[in-house]
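Me: I am new to this structure and would like to know what the terms rest on. Please take them one at a time.

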Amino acid sequence: MKEEVSDSASKYALEIQKVLDGYQQLQPRYELFSDYLKKLLDYVCRLRFETAIVQARAKNPASVVGKTVRGWSVGKYRRSIQDITDLCGARIIVQLLGEATELTAWLSQCFFVREYENMLERLRPEAFGYRGEHLLVTLDPRLLPKELVTQEVLSQMPDPTAPLPQPKGSAGIEDKVRELRSRLLLSHPQDIPILDGDMWRELSGLVAEIQVRTIAQHAYSEVGHSRIYKSSLILPSDHHRSMAKIAAMLEAVDEEMGGLVDRIEIIQKNARRFLDDKEAEQEIRRLRAILSVEFNASAARDLVSTQLAIGDHDGALQTIEECSGSWEKTLDELKVLRGLALISKHRETGDFLFLQEGREILLAFLEQGNRCVETATALAESWLIDGRIPDAMKAFALAYDIDPSYPPALAGYLRYHIVDDKGTRRVRMLKPSVEQAIARCQQQIAARANLPDALFLLAEFFFVLEGSQAARKAEAYRRRKMSPQERRKSEKEELRSTYEGLYATCRAITLTPRKNRARFVEFAERMHIIADAAGFDVPGAEWAKTLIQLALHVRGEKNVGLSGEVLPLDNGQVLIVAGACDMSDEVRNTSQRELMKAVADEFRGLILSGGTTAGIAGLVGELCKARNGDEKERVISTVGYLPQAYNTTQATQDERYTEPPRTTTGYSGFSALEPLQNWTDLLVESGVDPATVRLLGIGGGKIAAFEYHLAAALGAQTAIIRESGRAADRLLLEESEPGNENIRFLPADSETVRAFVGQVPEIQVIEKNRDRIAESISAAYDKFATELVSRELSEEAKTMFKRSNMDQAQHIAAKLDRIGLYVAPTADERDSIAIPEEAIRDLAKMEHGRWVVERTLGGWRLGSERNDKKKTRPQLIPWDELDETEKEKDIQTVRGIPEFLKACDLKIVKKT
């Protein structure tokens, strides 16, 4: 019996030794194979999957023996080394399931696949576990990319049906294999792994297992393989259940991550981050630095795109030329960028040779079978330059077929169908695609990508989505039979889509660089095409044209084709007051009256408003008439803007305005035409600099919201009373959105409003000594700040406060004027007067209002805490809501006025 056991053990040992001897003959070649696979897969992933992690190794003898014995125990392996298929293994770890699927498909085309297994198929439908994809592959030079195989190797395999060679032992040729391994390992990481004759003779017939898995699958596999699969213990069932739970969670992670990336790519596809001029210069320097070290496809693409975005066409073409040797085989998209650059250069120079060359590049790229929506759209737009509408329509149709919701493609496709249909019928048929395109534009805008183009496209979609003129007339007829509540709701919804388009247009104007006139011209041309074809079905197109003409006028183009009437500019100060018409809310009505009373008491000059007796416009007429009645001469001139035809039962002309109303034609009822005419009269006919105009907004609806956006886009100082209702509340929620940067928000505080609309009286001795007074204020503030031990002030904060000292010094004149005092040199014969104690707090309120306006117009916003980087302050609120510490700061400032003046040989006297 003992002899039988001894014979069995000896036979077992001989079998193991046979496997070990077989592997030791092949091991050097498998080690060479793993090194080659690592280089080959690194090269592939560098081109297609930049974030992938590549690992490769040949099994060591101990692992081979262990795997052989485990296989015998389950009858999996016979006693031949050829039965073990993962003697060489490679692993590629990617981020997403989609990347794993794409990579597996590529591997299937580049290797001879002996066996493929998706580990998910091993699992029962209700089970969770490892889901990687495994391929058993052999090298086949006929399948590898041609640049990776020498002609010598390909000539050895002329017959595509010839069987692949079987692996041979490597006894006696270890030196040759070692030399090849050294050549691979010492080569530069960026070198392309070439399969030459020597390499092929050593690797032919060898089998490798390539595993493709996500990061989440890799985490599960590594723990499960080492702790469970290789464990010598029989683990309890709850351990296996825990692994199944982990697998389920990681599967959810993979799916959620894939969905998130898909949503991100909708934003990123054909998108570029919006950069101002300074940011663009910094980005260009960064990308050039990267390319100076080594070629990087992503950096090259981003550099060219950034140069095109800022209009540097020559720079973009130069970058493409410099990179041409590096991207010829791998980056067709830079060829497309060259075509785009040449077409853009034509727009700048008018040279049709550039246009023709750029168009030929794009056309050739598409004719090669490349389905690139951006290229097809650019080609369509290039045909439009020549006026070749049929060719443009064909290219737009191709672009639409590639991606129906790609905004530039869909916009062009719809635009020329609107021309064919003489209306927006096709738009209504394709409404789902339009809504998807709107969502893509909004996502890009939120990500600050593709600006201002995404806003211009958003505006165009909103315009063409508006209901037809016939539908609006039918709704107006039905409105006659509605209850007052239903009627107001219907009126609020009328032209809602059009006004959303106008808001987007204004925001796009705000974000368009001043020198980039071409964007304005192109958008105006698109609006002209739509307006001519669709007429009053798309009123927003005509209004947007006028808006662009005003923007061009502001930027220096004076012959814009707009006309109006000269305004009565008595003293050069202009204030636009816009806002709510509904005065049914008694509490809000009281607040609005107080604020408008402050305007009427403080302002001198021309006020432009609605011209009716309703709401804010009515308060302008009433309160300004009262102010003028108290003066010997007119202090405030008032002009109202009304449509020539409107419903007199809902609005009445305010006869209290000092000037006859200006009327507009082209639309029945109040619309965007009135604000547009207002600005035409100001800018084109009266030659007013928009930077000197101020707009005060209080609540309001869709037309008031357009007035706010319009003033901000044209460069006026635009301030809205915070929490004053409807349009004001919506804009406050949207204040951080791109294009709304020029809209400011003030607290509902009379002194703040006075500071915003008022003019500081000029006192010559203050003007002459303003610098010295500011220095005195700065010194006093430094002392005051150090005494406020409860509050730490940084040096940066002190510097910020010092910048306001000049304005604070000048504002002394307004404070003293309020209480009938004046400033004179100390040598003046009049007696020096102290500021009455009872006036201190009132003047401190004035100072706080001045400070709030100064900070607000400087870009600061209300925030829960002070943040100098984000420019937020919690003190941008009415005086009465301040804590006593903040109030004391303003009180001390007022108490210090005599000392500030005394330091400059000035004193306070009674006003004569």
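Reply: A residue is called buried under 20% relative accessible area, exposed over 50%, and partly exposed in between, with a 1.4 Å probe and protein chains only. This is a predicted model, where local features need pLDDT of at least 70, side-chain atom pairs count only at pLDDT 80 or more, and totals for chains, interfaces and linings use all residues. Residues are numbered from 1 along each chain as its sequence is written, and side-chain values use heavy atoms, leaving out hydrogens and water.

Me: Why is lysine 887 called buried?

Reply: Lysine 887 has a relative accessibility of 9%, which is under the 20% limit, so it counts as buried.

Me: What makes a residue a contact of lysine 887?

Reply: Contact means heavy atoms within 4.5 Å. Leaving aside residues up to four places away in sequence, lysine 887 touches Arg841, Trp879, Asp880 and Leu882.

Me: Why is strand β2 said to be largely enclosed by the rest of the structure?

Reply: A strand is a DSSP run of E with at least two residues, numbered from the N terminus. Strand β2 covers residues 88–94, and 6 of its 7 residues are buried, so the rest of the structure largely encloses it.

Me: How do you know that β2 pairs with β1 and with β5?

Reply: Two strands pair if DSSP finds at least two bridges between them. Strand β1 (residues 53–58) is joined to β2 by 6 bridges, running antiparallel; in β2, glycine 89 is the bridge partner of arginine 57. With β5 (residues 207–214), β2 has 7 bridges in the parallel sense, and cysteine 88 stands opposite alanine 208 in β5.

Note on methods. Helix = DSSP H or I, 4+ residues; strand = E, 2+ residues; numbered from the N terminus.
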